[in-house]
Amino acid sequence: MSSMSKVAILGTGTMGRALGKGLLNSGVVDASHLVGTVKHEHEVAPAADSAGFSVTTDNDEAVRGAGVILLCTKPRAALPLVRSLAEAGSLSHGPLLVSIAAGVSTADLEEAGGEALRVVRAMPNTPCLVQEGMTVVCGGSRSSVDDLSTAESLFRPLGRVRRLDEEHMDAVTGLSGSGPAFLYVIIEALSEGGVMTGLPRDVATEMAAQTVRGAASMVLETGRHPAALKDDVTTPAGCTISALLSLEDGRLRSVLARGVQEAARAAAGLGESVD
Ligand SMILES: NC(=O)c1ccc[n+]([C@@H]2O[C@H](COP(=O)([O-])OP(=O)(O)OC[C@H]3O[C@@H](n4cnc5c(N)ncnc54)[C@H](OP(=O)(O)O)[C@@H]3O)[C@@H](O)[C@H]2O)c1
């Protein structure tokens, strides 16, 4: 893939650094064409050291001449920042804004950024840090098919990418955005079960994490329904069916599904408060 023209990452925190590193490592953008920003002066040096590209607090300077702006601040900072860039005339060259801010709509970003701004919204997750991410992208009212392809090329080096309509973005946030946290709790709980039955903790954690990874790969690589794969492990009168019934007694299935539903509900309100 040919290297992109200048890319500005506004908000070089956890996600901004992960995305920037992915862009550099995959050759999608050259280090000399990548600049990040942070809010606080004292965060500039640590962010630049960890990110591997230049970082500043000057958002207007960072977006000057940038073909793509990746907006990676917390949701409540997103609209005020885009509005201030528009008021300073810094978006008049018509860049593509790719926002990962949860709960902030393309319509609100377009309104804040003015008529020259094209917007694509994306929802990645933290496993992007190890190139095992899941990202969903959707276009705004002024973005083109090429803009969506450009946005996808930013995230593809970091894992899987899918295109969906914007109406699904809160659900995406609740499932794949928040999902890693749910699975860390599950991995911790599974390893506690191993510790309870006599395994050393480090061994139990490795086994739990690899088992989750293996099960996920079985779903993705075979394309079979998870229920069918579960049936393969379930010998009549065996230990697995015995444990599955005890998990169902604890309502594991509805607790997890309701967790996703609750995260999606909360995501819908994230962009509403303004600094
Ligand atoms: N974390 C996740 O799992 C996840 C998953 C999917 C999507 N997201 C989305 O990713 C976004 C960032 O999350 P994060 O976890 O990476 O947050 P974070 O680590 O707190 O990073 C936020 C960054 O934004 C900077 N910032 C704040 N205001 C700014 C401004 N006016 N100008 C320039 N930079 C500014 C902060 O700088 P200072 O350090 O100087 O304050 C910090 O570097 C959020 O909108 C979230 O919805 C997160």
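Of the 22 residues around the ligand, which come nearest? They are T14, M15, H40, T73 and P124. The model is predicted, and the ligand site is a good place to enter it.

Start with the shell as a whole. Its residues divide into ten nonpolar, nine polar and three charged. Two helices stand out as suppliers. Helix 1, residues 14-25, gives at least two residues to the shell around the ligand. Helix 4, residues 75-87, also gives at least two. The space that the ligand takes up is the second largest pocket.

Now look at the polar contacts with the protein backbone. T73 is one of the residues that come nearest to the ligand. A backbone N or O atom of T73 sits 2.6 Å from a ligand oxygen. P75 also takes part through its backbone. There, an N or O atom lies 3.4 Å from an oxygen atom of the ligand. A102 adds another such pair, with a polar backbone atom 3.0 Å from a ligand oxygen. How much of the ligand does the protein bury? Taken alone, the ligand exposes 910 Å², and the protein buries 80% of that.

Next, turn to S99. This serine belongs to strand 5, which spans residues 96-99. Is S99 buried or exposed? Its relative accessibility is 0%, so S99 counts as buried; the cut-off for buried is under 20%. The side chain of S99 has a backbone partner. It reaches the backbone nitrogen of A101 at 3.2 Å.

Two loop residues deserve a look at their backbone angles. The first topic is Q131. Where is Q131 found? It lies in the loop that joins strand 6 (118-123) and strand 7 (133-139). Its phi is near 55°, a positive value in a residue other than glycine. Q131 has 43% relative accessibility and therefore counts as partly exposed. That class covers the range between the buried limit of 20% and the exposed limit of 50%.

A237 is the other case. Its phi is near 65°, again positive in a residue that is not glycine. The loop that holds A237 runs between helix 10 (226-233) and helix 11 (239-249). Why does A237 count as exposed? Because its relative accessibility is 83%, and exposed means over 50%.

To retrace the route, go back to the ligand in the second largest pocket. Then find S99 in strand 5. Finish at the loops that hold Q131 and A237.

Technical notes:
Residues numbered from 1 in each chain as written. Predicted model: local features only at pLDDT ≥ 70, side-chain atom pairs only at ≥ 80, totals over all residues. Heavy atoms only, no water. Near = heavy atom within 4 Å. Polar contact = N/O pair within 3.5 Å; in protein donor to acceptor, adjacent residues only side chain to side chain. Areas by Shrake-Rupley, 256 points an atom, 1.4 Å probe, with all protein chains shown as cover. 1 Å grid on protein atoms, 1.4 Å probe; cavity = no way out; pocket = protein on both sides within 12 Å on 5 of 7 lines; lining within 4 Å. Sits in = over half its atoms within 2 Å of the grid points. Helix = DSSP H or I, 4+ residues; strand = E, 2+ residues; numbered from the N terminus. Nonpolar A, V, L, I, M, F, W, Y, C, P; charged D, E, K, R; others polar. Buried < 20%, exposed > 50% of the residue type's maximum accessible area, 1.4 Å probe, protein only.
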